[in-house]
Structure formats: structure tokens, C-alpha cells
Amino acid sequence: MYSNNEVISYLQANKILALKLDHAVSAVGQQITNQIDILGKGTTRLLYYTSCFTDEYNDVCQRQKTEDLRFRNGVIRIVQHGDVVYDMLRIYFEKILKYKNNEQLEYIKKSLMAVNIHIAASTLTGAGYALAVATSVRIGMNLRIQLSALTGRAAGTAAGVVATYGLIQKAADSAYRLHIQYPAYYSALYTQQLEMMYFLIEPVFERAGTLEAQWASDLGIASIITRMVR
């Protein structure tokens, strides 16, 4: 499981923190599993920027500029605010537990205890239990953000710029999928300028089937939490 300090150390090593904020994202490099794939995404994104020179595709250009800005804001939040993964988890559980009554929350709690997962909630309310579950999941989550896969290229190199936009495109694709699959959660992240950071936790969410929670029973929610922890 990564810590915020690891993210900040990587950003410092790659000189992202030394740049002006309006150019911050141009120092990030990314290599997830397949370097060719991420460079391909970056090349495609850069090619789309040529649409800025034509009125016909101005909407594409403006959308990408907005995504770049919001990605930058997400990176700044990582540096300045704290644990964005916890923040995204908290928002998620607040969303799915918001309308649960005490009886339903007690059922979820007992279902988790049956598989040896204990949630230390001081109050059994939707908001209080959401905070407790987010904390427990964050601690137990087998989350390995691919920091080791981030490239070590110096800022300003051609390949580094392409990889930068490959990472932003990956984040944009991830945010778009969330917008389609769980609009309410996307909207909540968007309000907090976190939707472009969702790609960090998307693999874990996919594996645990977390987006199914919007239709899941109380037992189903307990099962989702269990998969997130384990």
C-alpha cells in the first residue's frame, strides 16, 4: 500500500514540484504495464491537440484542456491535502450508506463480523459508519498503485511529454468510465476535484465489484467491503 509521501517523493524526483503550477503535469511520466500502450495514448492525445487549430474540433481541444487542469488540481491535492485514496473511499461509502437505517447498518456490521472483519464505528449512523468503513478498508486494502512503474525520464524530454499525456489520457478514460457506470459517485468526486484521480483505485474497485453497490442488497454491500479489504 502506498503512502502520500511516496507520491510526493516521486513527484519531487521527477521535478514536478519545481515547476510552475500551470505546467505541473508536464513533468509526470507513466508506464503502467505496457509502455507502448501508455505512449500510444499520449501520442493520440497530443494529436488531438492539433484540433485546437481548427474551429470544427474546438470542443475536443477545450475538453482536453479542462481534463489537464483538473488532473493538475488532483496532483496538487495529493501534495497539499492528504490521503486522496482515503478521501475517495470516504466519499464512496458515504454515497452507498447514506440512506441506510440502523437496522440495515447493524446487519452489514454483523455480516462483516461473520467473516472476521470488524468495523470500529463510534456511532451506527450512515455518516459515522461510512467514516469507519473507509478507515478500515484503507488500512486493510491491498492497494498497490503502480508508483514503481512511473518512468524516471527527466521533465522536458519528448518521450516524457508523451508519457505525461498518456497518463492524463488514462485518467480521463477512467473518469469517463466512472461517469457512465456510477454517475452519482462521479459527480461527488468531481465536486471535490478528485474524478481525475479515480484511475488510482479503479483496478481495486473493478476487482471488488464496488460499482455494483448502487444496486446491491445489504449482504451484497458487506460482500463488496470484504473483497475490498481482502
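This text follows helix 4 and its packing against helix 8 and helix 10. The model is predicted.

Two packed helices are described by the angle between their axes and the distance between the axes. Both values are given here for each pair.

Start with helix 4, residues 84-97, and helix 8, residues 183-191. Their axes lie 10 Å apart and make an angle of about 135 degrees. Helix 4 is therefore oblique to helix 8, because an angle counts as roughly antiparallel when it is over 145 degrees and as roughly perpendicular from 65 to 115. The crossing of helix 4 past helix 8 is right-handed. On the helix 4 side, Met88, Leu89, Ile91, Tyr92 and Lys95 make the contact. Helix 8 contributes Ala184, Tyr185, Ala188 and Leu189. Eight residues of this contact are nonpolar, one is charged and none is polar.

Now turn to helix 10, residues 218-229. Helix 4 packs against helix 10 at an angle of about 165 degrees, with the axes 12 Å apart. That angle makes helix 4 and helix 10 roughly antiparallel, because the cut-off is over 145 degrees. Helix 4 and helix 10 cross in a left-handed sense. Leu89, Tyr92, Phe93, Ile96 and Leu97 of helix 4 form one side of the contact. Ile221, Ile224, Ile225 and Met228 of helix 10 form the other. The contact of helix 4 with helix 10 holds nine nonpolar residues, with no polar and no charged ones.

Finally, look at Leu89 and Tyr92 of helix 4. Both residues take part in the contact with helix 8 and in the contact with helix 10.

Conventions. Residues are numbered from 1 along each chain as its sequence is written. This is a predicted model: local features need pLDDT of at least 70, side-chain atom pairs count only at pLDDT 80 or more; totals for chains, interfaces and linings use all residues. Side-chain values use heavy atoms; hydrogens and water are left out. Axes are lines fitted to C-alpha atoms, for helices over the stretch in contact, and angles run from 0 to 180 degrees between N-to-C directions. Helices (H or I, at least four residues) and strands (E, at least two) are DSSP runs, numbered from the N terminus. Angles under 35 degrees count as roughly parallel, over 145 as roughly antiparallel, 65 to 115 as roughly perpendicular and the rest as oblique. A crossing is left-handed if the near helix is turned anticlockwise from the far one by less than a right angle, and right-handed if clockwise. Contact means heavy atoms within 4.5 Å. Ala, Val, Leu, Ile, Met, Phe, Trp, Tyr, Cys and Pro count as nonpolar, Asp, Glu, Lys and Arg as charged, and the others, Gly among them, as polar.
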